[in-house]
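Student: Could you take me through one part of this model up close? I'd like to see how a pair of helices pack, and then a bit of what else is there.

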Amino acid sequence: MSPWRAVASRLSAPHLLSRAFSKPPPPLPQPLSRTFSKAAASAAATSHSPSAASSAGPRPEGGSLLRVRLNSMFLSKPSSLALPPDSPLRAEDPHYEGIKRLMLTLLLFYSKQSKSIRGANAVYHRITSHVDKPDIYEVFQLEKTFKTTFSLLVLHMWLVLRRLKEEGKDGVKFGQYIYETYNHDVELRVSKAGVNLLLTKWMKELEKIFYGNIVKYDTAISPEASQDDLVNVIWRNVYADEGSEPMDAAATPAVQALARYTRREATCLSLTDKEAVFSGNFKFTAVLPTVLSPVKRRR
């Protein structure tokens with residue numbers, strides 16, 4: 001039984017749900033729904049049609065065509081993800097003077113632990129703001145479900161934790177603060193999705209999935225791994241319903257693109273300096289579809 005099916009079976013058992021209030025229980029997250037976008041599959045099936053270019057895909061204002069060129073994405077040379085010093089997105093500690101600074105110092109606002117907690121919150125905000133954007137689902141052709149959001153969240157958590165390991169004990173300790181922030185956020189997301197009964201058991205199952213995926217990503221990106229290992233792991237962790245079914249041919253370009261993105265972001269984070277990583281002053285590579293200008297007709 002796959003971890004996702006185990007979660008679903010725990011929360012859908014009639015004798016467990018009957019312990020809730022007398023009114024019908026709220027709808028549960030849909031962890032077992034098909035994650036590969038049906039619209040994307042349809043587009044892939046019609047991509048060889050002469051009329052596909054003129055009929056497929058949403059059209060933004062001005063008549064330009066919105067497309068995702070998966071095969072040409074994430075091939076550029078990796079570079080640091082650190083934000084420039086003048087970026088309005090930077091997270092900075094407030095600088096107080098006089099009595100206000102003295103009071104904050106007495107309240108341990110400037111202690112190493114407090115700074116680490118603020119830094120962890122900033123880092124986790126970078127992760128969630130990136131994962132929650134609609135563009136990442138459109139580009140990688142994913143339906144936005146509880147499972148796909150959680151899977152992308154775990155993937156980006158792994159990218160950050162992997163980078164922190166490069167800093168030794170300090171990085172591992174700082175990663176624990178980020179994990180605690182992540183754990184609290186996931187609990188809120190589960191509750192928001194309508195799961196209040198058996199929340200502890202649900203969280204334990206998600207914790208197993210988290211650590212299982214982390215190990216698989218580490219193995220797939222190790223020097224001994226083949227180029228296809230990461231593609232296969234991403235298919236099982238993010239796209240596949242059960243994790244064991246063969247890869248959908250229509251989904252292959254999207255899965256390969258997400259694998260290239262993942263490998264590139266891992267290198268980019270390794271090139272990002274420690275101060276930027278620990279303070280949350282970095283930004284993941286933007287995942288945006290290509291907007292093609294409208295073609296002018298000759299008169």
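Here is a walk through one helix pair, followed by two other helices.

Tutor: Keep in mind that this is a predicted model. Two packed helices are described by the angle between their axes and the distance between the axes. Let's start with helix 11 (residues 227-239) and helix 12 (residues 252-270): their axes come within 9 Å and cross at roughly 110°. Angles of 65 to 115 degrees count as roughly perpendicular, so that makes helix 11 roughly perpendicular to helix 12. The crossing of helix 11 past helix 12 is right-handed.

Now for the side chains and who meets whom. Helix 11 brings Gln227, Leu230, Val231, Ile234, Trp235, Val238 and Tyr239, and these meet Ala254, Val255, Gln256, Leu258, Ala259, Thr262 and Arg263 of helix 12. Sorted by class, that contact between helix 11 and helix 12 has ten nonpolar residues, three polar ones and one charged one.

Next, hop over to helix 10 (residues 199-220), where you'll find Asn213. Its relative accessibility is 6%, so Asn213 counts as buried, the cut-off being under 20%. Leaving out residues up to four places away in sequence, Asn213 touches Val154 and Asn237.

Last stop is helix 8 (residues 146-165), which has 20 residues. At 1.5 Å a residue, helix 8 should span 28 Å, and its end C-alpha atoms are indeed 28 Å apart, so the two agree. Helix 8 is also mostly covered, with 18 of its 20 residues buried.

Notes: Residues are numbered from 1 along each chain as its sequence is written. This is a predicted model: local features need pLDDT of at least 70, side-chain atom pairs count only at pLDDT 80 or more; totals for chains, interfaces and linings use all residues. Side-chain values use heavy atoms; hydrogens and water are left out. Axes are lines fitted to C-alpha atoms, for helices over the stretch in contact, and angles run from 0 to 180 degrees between N-to-C directions. Helices (H or I, at least four residues) and strands (E, at least two) are DSSP runs, numbered from the N terminus. Angles under 35 degrees count as roughly parallel, over 145 as roughly antiparallel, 65 to 115 as roughly perpendicular and the rest as oblique. A crossing is left-handed if the near helix is turned anticlockwise from the far one by less than a right angle, and right-handed if clockwise. Contact means heavy atoms within 4.5 Å. Ala, Val, Leu, Ile, Met, Phe, Trp, Tyr, Cys and Pro count as nonpolar, Asp, Glu, Lys and Arg as charged, and the others, Gly among them, as polar. The expected span of a helix is 1.5 Å times one less than its number of residues. Buried means under 20% relative accessible area, exposed over 50%, partly exposed in between (1.4 Å probe, protein chains only).
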